[in-house]
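Q: Could you take me on a close look at one tyrosine in this structure, and then work outward from it to the neighbours and the rest of the chain?

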Amino acid sequence: MFPLLTVAVMFVRNTAAMVQVFGYEGGEATVSCPYGAGYESYEKYLCRNSCGSDADVVGKTTQANTSKYSTYDDKQKHAFTATITKLQSSDAGTYKCGVSRSMWDYYPAEVKLDVLKGE
Ligand SMILES: *[C@@H]1O[C@H](CO)[C@@H](O)[C@H](O)[C@H]1NC(C)=O
């Protein structure tokens with residue numbers, strides 16, 4: 001019923017990728033964040049807005065998937081993938097892919113999610 005169409009356009013800004021993702025209400029959106037070699041064993045996560053606190057984190061590779069957010073780390077391809085399902089207009093906004101490090105985290109990509117109305 002809902003088209004499960006995801007379009008991602010990437011360009012580079014200050015070395016961190018900026019990713020624009022679209023999804024339809026009721027559908028899902030998948031964002032793939034490539035990260036640098038050497039970070040395979042690090043925890044990856046998806047967080048919202050400024051990602052300033054743990055409350056902004058919506059999904060982590062070290063935690064079980066939820067019905068709304070799932071994460072997957074392809075260590076061969078150096079790409080972290082997060083999927084957001086059952087999209088609602090309130091899901092639209094800015095997200096970041098994060099890599100947990102001991103001092104400060106590394107954000108390989110910033111993601112802008114737009115949620116479009118279905119027909
Ligand atoms: C979460 O979902 C992704 C995508 O479906 C899957 O590849 C991954 O193995 C799942 N992770 C866990 C911890 O079950």
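A: Happy to. Let's begin with Y107, which is partly exposed because its relative accessibility is 26%, a value that falls between the 20% limit for buried and the 50% limit for exposed. Please keep in mind that this is a predicted model.

What does Y107 pair with? The partner is Y45: the two ring centres are 6.5 Å apart and the planes stand at 90 degrees, so this is an edge-to-face pair. The angle settles that name, because planes over 60 degrees apart count as edge-to-face. Y45 belongs to strand β4 (residues 44-48) and Y107 to strand β9 (residues 106-116), so the contact ties together parts that lie 62 residues apart in sequence. The cover on the partner is another matter: Y45 is buried, at a relative accessible area of 5%.

Y107 has a charged neighbour too. The charged end of K96 is placed over the ring of Y107, at 4.7 Å from the centre. A second lysine does something of this kind elsewhere: K44 lies over the face of Y35, and the distance to the ring centre is 4.3 Å.

Now for the other aromatic rings. The whole structure holds three aromatic pairs. One of them is formed by Y39 and Y42, whose ring centres are 5.1 Å apart with planes at 70 degrees, so this pair is edge-to-face. Y39 is buried, with 18% relative accessible area, while Y42 is partly exposed at 33%. The 20% limit explains the two labels, because under that value a residue counts as buried. Ring pairs also bring in Y106, so that Y39, Y42 and Y106 make up a cluster.

From rings we can move to cysteines. Searching the whole structure turns up two disulfides. One joins C33 to C97, with 1.8 Å from S to S. This bond links distant parts of the chain, since C33 sits in strand β3 (residues 29-34) and C97 in strand β8 (residues 93-99), 64 residues apart. Both ends are covered: C33 is buried with a relative accessible area of 0%, and C97 is buried at 1%.

The other disulfide is formed by C47 and C51, with their sulfur atoms 2.1 Å apart. The angle about the S-S bond is 95 degrees, and the link of C47 and C51 is right-handed. C47 is buried at 0% relative accessible area, and C51 also counts as buried, at 11%. If you number the bonded cysteines in sequence order, they pair as 1-4 and 2-3.

There is also a ligand to visit. Around the ligand you will find N65, S70, T71 and Y72. One polar side-chain atom of N65 is 2.3 Å from an oxygen atom of the ligand. On its own the ligand exposes 360 Å², and the protein buries 41% of that area.

One of those ligand neighbours, T71, leads on to another stretch of the chain. T71 is placed in strand β6 (residues 69-74) and is buried, with a relative accessible area of 15%. Its C-alpha atom is 4.4 Å from that of A82, although the two residues are eleven apart along the chain. Next along from A82 comes T83, which is in strand β7 (residues 79-84). T83 is buried as well, at 14% relative accessible area, and its side chain makes a polar contact of 3.4 Å with the side chain of T30.

Finally, let's step back to the chain as a whole. The secondary structure consists of nine strands and zero helices, and reading along the sequence gives the pattern β-β-β-β-β-β-β-β-β. Of the 119 residues in the chain, 37% are buried. To return to where we began, Y107 is partly exposed, has the charged end of K96 over its ring, and pairs edge-to-face with Y45.

Note on methods. Residues are numbered from 1 along each chain as its sequence is written. This is a predicted model: local features need pLDDT of at least 70, side-chain atom pairs count only at pLDDT 80 or more; totals for chains, interfaces and linings use all residues. Side-chain values use heavy atoms; hydrogens and water are left out. Rings of Phe, Tyr and Trp (its six-membered ring) pair if their centres lie within 6.5 Å; planes under 30 degrees apart count as stacked, over 60 as edge-to-face and the rest as tilted. Buried means under 20% relative accessible area, exposed over 50%, partly exposed in between (1.4 Å probe, protein chains only). Helices (H or I, at least four residues) and strands (E, at least two) are DSSP runs, numbered from the N terminus. A charge sits over a ring if NZ of Lys or CZ of Arg is within 6 Å of the ring centre and within 35 degrees of the ring normal. A disulfide is a pair of cysteine sulfur atoms within 2.5 Å. A residue is near a molecule or strand if one of its heavy atoms lies within 4 Å of it. A polar contact is a pair of N or O atoms within 3.5 Å; within protein, one must be able to donate a hydrogen and the other to accept it, and residues adjacent in sequence count only if both atoms are side-chain atoms. Accessible areas come from the Shrake-Rupley method with a 1.4 Å probe; for residues, only the protein chains shown count as cover.
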